[in-house]
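Visitor: Please take one part of this chain, the packing of two neighbouring helices and the loop that joins them, and look at it closely. I would also like to see how its surroundings compare in kind.

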Amino acid sequence: MNDKAVKSGVLFAIAAYTMWGIAPMYFKLIGQVPAMEILMHRIIWSVLVLVLLVAVTGKINKVNQAILNPKVMQILLISGLLLAANWFIFIWAINNNHLLDASLGYYINPLLNVFLGRLFLGERLRRMQKVAVGLALSGVAYFIVSYGQLPWVALALAGTFGIYGLLRKQVAVDSLPGLLIESVFLLPPAIVYWIWFAGEYSNMLTNDLPLNITLICAGIVTTAPLLCFTAAAKRIMFSTLGFFQYIGPSLMFVLAAAVYGEPLDNSKLVMFAFVWLALGLFSYDSLRQYQKVKKALKQAQA
């Protein structure tokens with residue numbers, strides 16, 4: 001792969017994780033709309049955007065192939081429900097001043113992925129990975145003891161997205177067609193909710209134009225970072241892509257603490273410190289392993 005492709009891949013990766021990191025600013029704009037209604041709009045408008053993207057990129061055949069595979073469809077149904085749960089918790093967290101918890105959830109996610117890989121895929125944990133997971137668990141345990149409650153928002157976000165990633169890893173379908181099918185599974189209940197249960201803000205005939213435009217943009221907010229992510233994944237190694245994943249939760253942390261003034265007490269700060277230390281070890285171990293594999297490949301080609 002040439003240097004130009006790698007450089008563009010890095011830019012796409014930065015763009016994807018930056019958009020995910022500043023997404024809370026979008027949801028704050030429509031904070032007056034209940035989380036369930038925002039989720040409804042996110043599903044409906046995402047389906048329209050994804051249909052257009054699949055048509056433009058010529059991936060309709062891949063959608064048809066997935067539809068003809070019952071096992072793939074079963075997994076995508078479950079992963080779609082997990083994705084909807086993750087979206088709802090994320091939206092609720094932002095609009096109820098739990099952005100710090102959301103940030104923590106996405107910091108924990110890479111460590112949870114390693115643990116899930118060990119548990120369900122038989123992947124062996126290297127020593128530093130074990131230490132990193134242990135540090136993260138220690139931080140959460142400290143918070144539970146000192147604060148007297150589970151950081152349930154963070155754990156729910158990390159858990160739903162971690163299991164979602166585990167399922168998608170085991171299903172033979174590209175990200176864009178897969179996301180379209182997942183969203184289509186969610187479309188009927190979203191439409192039912194819109195017709196019979198949605199509140200005043202979902203009547204687009206009585207809303208003002210700026211609110212309607214903002215709600216429709218939910219489809220773009222969902223799909224734009226995904227497109228950048230898939231473009232990056234095609235141009236750079238997946239292990240390299242992983243080093244950019246902390247941009248998102250870091251931006252969320254800054255927004256929560258500096259812009260939206262969420263309280264950062266000692267218990268939360270200690271928990272974050274444990275998780276940051278764990279991620280530092282995790283990243284160092286990943287970099288060392290990446291360099292080892294790269295060196296082995298060079299020697300094999302020599």
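Guide: Buried means under 20% relative accessible area, exposed over 50%, and partly exposed in between (1.4 Å probe, protein chains only). The model is a predicted one, in which local features need pLDDT of at least 70 and side-chain atom pairs count only at pLDDT 80 or more, while totals for chains, interfaces and linings use all residues. Residues are numbered from 1 along each chain as its sequence is written, and side-chain values use heavy atoms, with hydrogens and water left out.

The loop is a convenient place to begin. Glu123 sits in the loop between α5 and α6, the helices being DSSP runs (H or I, at least four residues) numbered from the N terminus. With a relative accessible area of 38%, Glu123 is partly exposed. Leaving aside residues up to four places away in sequence, Glu123 touches Gly117, Arg118 and Lys169, where contact means heavy atoms within 4.5 Å. Looking back along the chain, Glu123 and Asp101 are 22 residues apart, and their C-alpha atoms are separated by 28 Å.

On either side of this loop lie helix α5, residues 99-120, and helix α6, residues 127-147, whose axes come within 10 Å and cross at roughly 130°. The axes are lines fitted to C-alpha atoms over the stretch in contact, and the angles run from 0 to 180 degrees between N-to-C directions. The helices α5 and α6 are therefore oblique to each other, since angles under 35 degrees count as roughly parallel, over 145 as roughly antiparallel, 65 to 115 as roughly perpendicular and the rest as oblique. The crossing of α5 and α6 is left-handed, a term used if the near helix is turned anticlockwise from the far one by less than a right angle.

On the α5 side the contact is made by Ile108, Leu111 and Val114, and on the α6 side by Gln129, Ala132, Val133, Ala136 and Val140. By class, seven of these residues are nonpolar, one is polar and none is charged; here Ala, Val, Leu, Ile, Met, Phe, Trp, Tyr, Cys and Pro count as nonpolar, Asp, Glu, Lys and Arg as charged, and the others, Gly among them, as polar.

The other end of α5 has its own loop, the one between α4 (70-95) and α5, and Asn97 lies there. Most residues other than glycine have a negative phi. Asn97, although not a glycine, has a positive phi of about 60°, and with a relative accessible area of 48% Asn97 is partly exposed.

The pair α5 and α6 also bears on another helix, because both are included, together with α12 (247-259), in what covers the buried residues of α13. Helix α13, residues 266-301, has 36 residues and reaches 52 Å from its first C-alpha to its last, close to the 52 Å expected at 1.5 Å a residue, the expected span being 1.5 Å times one less than the number of residues. The buried residues of α13 include Met271, Phe272, Val275, Ala278, Leu279 and Phe282, and Lys268 and Asp285 are also among them. Gly280 has its place in α13 too, but at 41% relative accessibility Gly280 counts as partly exposed. The C-alpha atoms of Gly280 and Leu269, eleven residues apart along the chain, are separated by 16 Å.

For a second helix packing to set beside the first, α4 and helix α8 (residues 175-196) pack at an angle of about 70°, with their axes 8 Å apart. That makes α4 roughly perpendicular to α8. In this contact, residues of α4 including Met73, Leu76, Leu77 and Gly80 meet residues of α8 including Gly178, Leu179, Glu182 and Phe185. By class, the contact of α4 with α8 has ten nonpolar, three polar and one charged residues.

Elsewhere, Met19 lies in helix α1 and, at 28% relative accessibility, counts as partly exposed. The C-alpha atoms of Met19 and Leu104 are separated by 17 Å, although the two residues are 85 apart along the chain. Not counting residues up to four places away in sequence, Met19 touches Ala224, Pro225 and Cys228. Tyr26 is also found in helix α1, residues 3-29, and is buried, with a relative accessible area of 10%.

How values were computed
Helices (H or I, at least four residues) and strands (E, at least two) are DSSP runs, numbered from the N terminus.
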